[in-house]
Amino acid sequence: MAEKSPDPSGSNARRCLAISPGERLLPSGSGLPKWVRLNVGGTYFLTTRQTLCRDPKSFLYRLCQADPDLDSDKDETGAYLIDRDPTYFGPVLNYLRHGKLVLNRGLAEEGVLEEAEFYNITSLIKLVKDKIRERDCKMAQLPVKHVYRVLQCQEEELTQMVSTMSDGWKFEQLVSIGSSYNYGNEDQAEFLCVVSKELHNQSYGTNSEPSEKAKMLQPEVSF
């Protein structure tokens, strides 16, 4: 588990789950402590050496074995310093604990893959790559929803509006509706601008808006 603030005494550190009866413990004569404290990007994690040694080819295994070829520093609490994203270290650590990949809402598989490759956890790398391929295949098979919007703008606003559209919106059609008013000594032409966006099923209901300074004439039309 993670801690949000350092505690030099270690008394407030949250303990991870106890080792299951079927787990093998490190030899009692190894001289290394059972518990390991990690400072990952400013967030503290406390876990067992047994958990970190799941993959003998990983960075974390070498860290626990005090590999002399591994340049590792400790902070004032004795925690190993690792300059990585703590948000994605949580899923990596839980995978080492129970062998399953669990992602909280808002976390992407690509982020876990980046960390798995950094720590060189080969089984997790393979698992995440398989999940990404499976996800991409499902996305490719989803029906696509087209959303259209009709915008009204003046001539002086047209270039800026089209050039600043974002979030997947693209220009479809421009229709001139003539001059509506005078600005100084010049007539100002008005236009209807049709824009569209493709939405997959999982994006339905999102509130994506095109960048605009124009007035909306009518609600979006979906096909």
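Begin by selecting Leu-38, Leu-60, Leu-63, Ile-82, Phe-89, Tyr-119 and Leu-124, which, of the 30 residues in the largest nonpolar core, touch the most other members. Colouring the chain by element then shows where this core comes from, since the elements that give two or more residues to it are E2, H2, E4, H3, H4 and H5, and among these H3 gives the most, with six residues. Keep in mind throughout that the model on the screen is predicted.

From the core, centre the view on Ile-82 and display its surroundings. Leaving aside residues up to four places away in sequence, Ile-82 touches Leu-38, Asn-39, Val-40, Gly-41, Phe-59, Leu-60, Leu-63, Phe-118 and Tyr-119. A second core, separate from the one just visited, has twelve residues, including Val-147, Cys-153, Trp-169 and Cys-193; the tour returns to Cys-193 further on.

**The chain as a whole**

Zoom out before going further. The secondary structure comes to six helices and eight strands, and, read along the sequence, these follow the pattern β-β-β-α-α-β-α-α-α-β-α-β-β-β. Of the 223 residues in the chain, 36% are buried. If contacts are drawn between residues at least 6 apart in sequence, 63% of them join residues at least 24 apart.

**Strand E2 and its neighbours**

Next select strand E2, residues 35-40, which is mostly covered, with five of its six residues buried. On one pairing, E2 meets strand E3 (residues 43-48) in the antiparallel sense over six bridges, and within this pairing Asn-39 stands opposite Tyr-44 in E3. The two strands form a hairpin with two residues between them, and Gly-41, in the turn, has a positive phi of about 55 degrees.

Strand E4 should be added to the selection now, as three bridges join E2 to E4 and the two strands run parallel. To locate this pairing in the viewer, pick Leu-38, whose bridge partner in E4 is Tyr-80.

**The loop that leads into E4**

Which elements lie on either side of the loop that holds Thr-77? Thr-77 is placed between helix H2 (59-64) and strand E4 (80-82). Thr-77 counts as buried because its relative accessible area is 16%, below the 20% cut-off. With side chains displayed, a polar contact of 3.3 Å can be drawn between the side chains of Thr-77 and Arg-37, while the side chain of Thr-77 also reaches the backbone nitrogen of Ala-79 at 3.5 Å.

**Helix H3**

Moving along the chain, select helix H3, residues 86-98. This helix has 13 residues and reaches 19 Å from its first C-alpha to its last, close to the 18 Å expected at 1.5 Å a residue. At the start of H3, look for Asp-85, one of whose side-chain oxygens reaches to within 2.9 Å of the backbone nitrogen of Thr-87; just after the helix, Gly-99 takes a positive phi of about 80 degrees.

Which residues of H3 are buried? They are Tyr-88, Phe-89, Gly-90, Pro-91, Val-92, Leu-93, Tyr-95, Leu-96 and Arg-97. To see what covers these residues, show E2, E3, helix H1 (49-52), H2, helix H4 (109-119) and helix H5 (122-141), which are included in that cover.

**Cysteines**

Now display the cysteine side chains. How many disulfides does a search of the whole structure find? The search finds zero. Cys-53, accordingly, is in no disulfide, and the nearest cysteine sulfur, that of Cys-64, is 4.3 Å away. Cys-53 is buried, with a relative accessible area of 14%. Cys-193 is likewise in no disulfide, the nearest cysteine sulfur being that of Cys-153 at 6.0 Å. For Cys-193 the relative accessible area is 0%, and this residue is therefore buried; Cys-193 and Cys-153 are both among the members of the second core.

**Last stop: strand E7**

Finish at Leu-199, found in strand E7, which covers residues 186-200. Is Leu-199 buried or exposed? Leu-199 counts as buried, because its relative accessibility is 11%, under the 20% limit. Then select Pro-143 as well: Leu-199 and Pro-143 are 56 residues apart along the chain, and their C-alpha atoms are separated by 8.9 Å.

Conventions
Residues numbered from 1 in each chain as written. Predicted model: local features only at pLDDT ≥ 70, side-chain atom pairs only at ≥ 80, totals over all residues. Heavy atoms only, no water. Helix = DSSP H or I, 4+ residues; strand = E, 2+ residues; numbered from the N terminus. Buried < 20%, exposed > 50% of the residue type's maximum accessible area, 1.4 Å probe, protein only. Polar contact = N/O pair within 3.5 Å; in protein donor to acceptor, adjacent residues only side chain to side chain. Pairing = 2+ DSSP bridges. Expected span 1.5 Å × (residues − 1). Contact = heavy atoms within 4.5 Å. Disulfide = S-S within 2.5 Å. Core = buried A, V, L, I, M, F, W, Y, C linked by side-chain atoms within 4.5 Å.
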